[in-house]
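Here are a few short exercises to work through with the structure open beside you. Try each task before you read its solution.

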Amino acid sequence: MMTETYTVTATIWIWNSDKGASAWHFLTISGQPADDIHATARMRRMEGGAKRGWGSLKVRAAIGDTQWDTSIFPDKASGGWFLPVKAAVRKAEGLVAGDAVTVTVDLL
């Protein structure tokens, strides 16, 4: 399988729910990259790939010099994908909520 790579710039935000704020930080992948990722997800399902929780896809993400393996999650409301940005990554790169960052995402 060929690796698909997307590079986007997005703002870090903190997940909020009806129960209040949490410590989960995300970026939203939107626009054409999100559309392309949705197309890949559909193709993988058609090819009989294993269904993953919440429609997630495994990825390798990189911000600056920091790379990590995680999953992205579809957001029906925006049509985009949520990418969790864990604390170790934010600390290593000196990032906080509200920062605009460039991230490279490889679909695995």
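**Exercise 1.** In this predicted model, find what sign of phi Gly48 takes and where Gly48 sits relative to helix 1.

*Solution.* Go to the end of helix 1: Gly48 comes just after it. The phi of Gly48 is positive, at about 85°.

**Exercise 2.** Work out how the buried residues of helix 1 are arranged around its axis.

*Solution.*
1. Helix 1 covers residues 31-46, and its 16 residues reach 23 Å from first C-alpha to last, close to the expected 22 Å.
2. Its buried residues are Ala34, Ile37, His38, Thr40, Ala41 and Arg44.
3. Looking down the axis, these buried residues fall within an arc of 160°, so they line one face of helix 1.
4. Gln32 and Met46, on the other side, are exposed.
5. A general rule helps here: an α-helix has 3.6 residues a turn, so residues three or four places apart point the same way.

**Exercise 3.** Classify the ring pairs Trp13 with Trp15 and Trp15 with Phe82.

*Solution.*
1. For Trp13 and Trp15, the ring centres are 6.2 Å apart and the planes meet at 35°, so this pair is tilted.
2. For Trp15 and Phe82, the centres are 6.2 Å apart and the planes are at 75°; an angle over 60 degrees counts as edge-to-face, so this pair is edge-to-face.
3. Trp15 belongs to strand 2 and Phe82 to strand 6, so the pair ties together parts 67 residues apart in sequence.
4. With Phe26 added, Trp13, Trp15 and Phe82 form one aromatic cluster.

**Exercise 4.** Is Phe82 buried or exposed?

*Solution.* Its relative accessibility is 13%, so Phe82 counts as buried. Trp15, at 35%, counts as partly exposed.

Methods:
Residues numbered from 1 in each chain as written. Predicted model: local features only at pLDDT ≥ 70, side-chain atom pairs only at ≥ 80, totals over all residues. Heavy atoms only, no water. Helix = DSSP H or I, 4+ residues; strand = E, 2+ residues; numbered from the N terminus. Expected span 1.5 Å × (residues − 1). Buried < 20%, exposed > 50% of the residue type's maximum accessible area, 1.4 Å probe, protein only. Arc of directions from axis to C-beta. Phe/Tyr/Trp six-rings, centres within 6.5 Å; stacked < 30°, edge-to-face > 60°.
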